[in-house]
Amino acid sequence: MTHLIDTFTFVLSQSELKPCRLVVAFSGGVDSRVLLELAAQYAKSHHIECCAVHVHHGLSNNADHWAGQCQAWCDALSVSLFIERVSLDISSGESVEKLARDARYQAFKKHIRQGDVLVTGQHIDDQVETFLLALKRGSGPKGLSSMAKVMPFANAYIVRPLLSVTRTDIEGAARDMALTWVEDESNQDVRFDRNFIRHQVTPALTERWPSFRESVSRSAQLCAEQELLLDELLESHLQQALGGNQNQSLSIEALYQYSDLLRARLLRMWLNHCNQPMPSQKQLQLIWEEVACAQLDANPKLVLNGVEVRRFNQKLYLVRETKDLSGWQGDVSVGGRLVLPDGLGDVSLQVGGPESEPSRRVQTFSLPNQNAVLRVTFNPEGLSVHPVGRGHSRKLKKLFQEYQVPSWLRRRTPILMDGDRVIAVLGLFVDKNYEGQDCEALWSK
């Protein structure tokens with residue numbers, strides 16, 4: 001136990017993190033059971049809070065019993081426990097292992113706040129399994145980097161303080177402390193790839209080469225260092241392609257000047273910059289060939305891990321899959337506020353005047369009747385507008401093109417209507433017939 005608490009403390013001190021709170025990923029298995037003891041001891045000696053999160057997957061008949069056991073162990077240490085129940089869509093085609101892992105980390109995010117450190121119980125044997133699984137998938141250096149001891153997570157960090165410790169050492173420490181823990185029966189099922197490696201591959205490798213685990217850990221670390229070095233060397237190229245824009249779009253013109261290898265690397269860096277999972281080699285090829293290099297008059301898109309890769313004005317964008325809002329409309333009056341659908345914020349109307357401070361987020365207009373009930377819609381079909389400062393009216397669909405509104409935002413931009421006449425397209429322009437300073441419209445996103 002002494003050397004484990006020393007290892008735990010050393011990893012946290014080496015990371016230079018000063019956690020306000022430790023959050024323990026607590027399954028109740030032997031690894032997390034020892035981790036809980038270490039975290040509680042560390043938190044007590046450093047005068048910080050410690051809590052734990054147990055994810056109830058509902059995959060085992062014993063799941064309720066495990067949750068009860070975890071509660072009892074946390075109570076004994078005066079550690080707060082949060083039990084998160086999740087359901088897995090096992091018909092999705094994804095492996096149960098991946099579904100369960102993704103669900104766990106989504107559950108952990110609910111309990112992470114700034115200044116926290118989420119500690120997890122992975123050890124060197126887990127690292128070997130992760131490395132071999134990446135090797136089986138044909139991963140490059142990033143995948144072979146396996147698990148980092150410290151990495152950003154949500155608005156905090158994950159720390160794996162036992163990553164240099166063997167499973168045998170952890171089990172020995174648990175016995176020395178007379179701890180009990182739960183045994184997940186699925187851990188013996190070699191139909192799961194990780195279990196197959198654990199029970200049938202790693203033992204043979206370590207019997208032949210006793211230092212095999214340490215060698216794998218060193219290789220993973222070297223791969224991670226190479227990845228960090230490449231990112232450091234190419235960061236200026238990424239920033240050039242991003243062009244300092246706030247919407248994180250990537251310049252296709254900038255990418256054209258690079259070799260295929262460098263371009264693929266920059267695409268990976270861009271996706272990582274946007275907090276997206278790493279794509280396969282095939283997906284990278286599709287992004288470039290079917291989206292970036294599509295015909296100029298095309299409106300290409302590629303669905304990738306729940307987001308769309310889109311092209312507009314020779315730039316690549318990542319767009320969240322959105323609902324069709326063409327049929328939605330809502331009423332609003334001056335002095336009122338209307339909440340928009342699908343997370344698009346709200347629209348507020350108020351009486352304006354000469355004393356009002358100008359703001360590019362506020363659009364001013366005049367109404368013949370300030371008591372009129374106005375309407376907000378997202379459907380531009382059949383509408384024409386004469387923007388202030390323009391010589392004539394045009395179809396709204398054409399104006400969206402002229403004002404450089406990306407195609408996927410053209411039915412997500414609020415249109416303020418007075419009967420069947422357009423008053424303003426919020427964020428863009430006001431119709432000439434409603435030019436004035438009497439009222440203000442604010443679209444808060």
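Trainee: Which way do strand S4 (residues 116-119) and strand S6 (residues 156-159) run, parallel or antiparallel, and how many bridges join them?

Mentor: Before we look, keep in mind that this is a predicted model. Now the general idea: strands of a sheet pair through backbone hydrogen bonds, either parallel or antiparallel. Here S4 and S6 run parallel, with three bridges between them. To find the spot on screen, go to Val 119, which stands opposite Val 159 in S6.

Trainee: And how does strand S5 (residues 150-153) run with S6?

Mentor: That pair is antiparallel, joined by four bridges. Look for Phe 153, which has Ala 156 of S6 opposite. S5 and S6 make a hairpin with two residues between the strands, and Ala 154 in that hairpin has a positive phi near 50 degrees.

Trainee: Where else should I look for a positive phi?

Mentor: Try Ser 146, a residue other than glycine whose phi is positive, near 60 degrees. You'll find Ser 146 in the loop between helix H6 (141-144) and S5. Gln 314 is not a glycine either, yet its phi is positive at about 60 degrees. Gln 314 sits in the loop between S9 and S10.

Trainee: What is the order of the strands in the sheet that holds S9 and S10?

Mentor: Reading across, you get S7-S10-S9-S8, an open sheet of four strands with antiparallel pairing. Strand S7 (250-251) and strand S8 (301-304) each have a single partner strand, so they stand at the edges and one side of each has no neighbour in the sheet. Take S7 with S10 as a close-up: they pair in the antiparallel sense over two bridges, and Leu 250 has Leu 316 in S10 as its bridge partner.

Trainee: Which helix packs on that sheet?

Mentor: H11 does, touching S7, S8, strand S9 (307-312) and S10. The direction of H11 makes about 35 degrees with that of S10.

Trainee: How do I describe two helices that pack on each other?

Mentor: Two packed helices are described by the angle between their axes and the distance between the axes. For helix H11 (residues 260-273) and helix H12 (residues 281-292), the axes come within 10 Å and cross at roughly 100 degrees. That's why we call H11 roughly perpendicular to H12.

Trainee: Which residues of H11 and H12 meet?

Mentor: From H11 come Arg 263, Ala 264, Leu 267, Arg 268 and Leu 271, and they meet Leu 284, Ile 287 and Trp 288 of H12. By class, this contact has six nonpolar, no polar and two charged residues.

Trainee: What about the sheet of five strands, what is its order?

Mentor: It's another open sheet, ordered S11-S15-S18-S19-S20 with antiparallel pairing. Its edge strands are strand S11 (329-333) and strand S20 (429-430), and each pairs on one side only. S11 is joined to strand S15 (residues 373-377) by five bridges, and those two run antiparallel. Within that pair, Asp 331 has Arg 375 of S15 as its bridge partner.

Trainee: Last one, how much space lies in the second largest pocket?

Mentor: About 970 Å³. The lining has 26 residues, and the closest to the pocket's centre are Asn 247, Pro 406, Leu 409, Trp 443 and Lys 445. Strand S10 (residues 315-320) gives the largest share of the lining, four residues. Sorted by class, the lining has 13 nonpolar, eight polar and five charged residues.

Notes:
Residues are numbered from 1 along each chain as its sequence is written. This is a predicted model: local features need pLDDT of at least 70, side-chain atom pairs count only at pLDDT 80 or more; totals for chains, interfaces and linings use all residues. Side-chain values use heavy atoms; hydrogens and water are left out. On a 1 Å grid over the protein atoms alone, a cavity is a set of points where a 1.4 Å probe fits but cannot get out, and a pocket is an open set with protein on both sides within 12 Å along at least five of seven lines; lining residues have an atom within 4 Å of a point. Grid points are joined across faces, edges and corners, and a volume is the space filled by probe spheres set on the points. Ala, Val, Leu, Ile, Met, Phe, Trp, Tyr, Cys and Pro count as nonpolar, Asp, Glu, Lys and Arg as charged, and the others, Gly among them, as polar. Axes are lines fitted to C-alpha atoms, for helices over the stretch in contact, and angles run from 0 to 180 degrees between N-to-C directions. Angles under 35 degrees count as roughly parallel, over 145 as roughly antiparallel, 65 to 115 as roughly perpendicular and the rest as oblique. Contact means heavy atoms within 4.5 Å. Two strands pair if DSSP finds at least two bridges between them.
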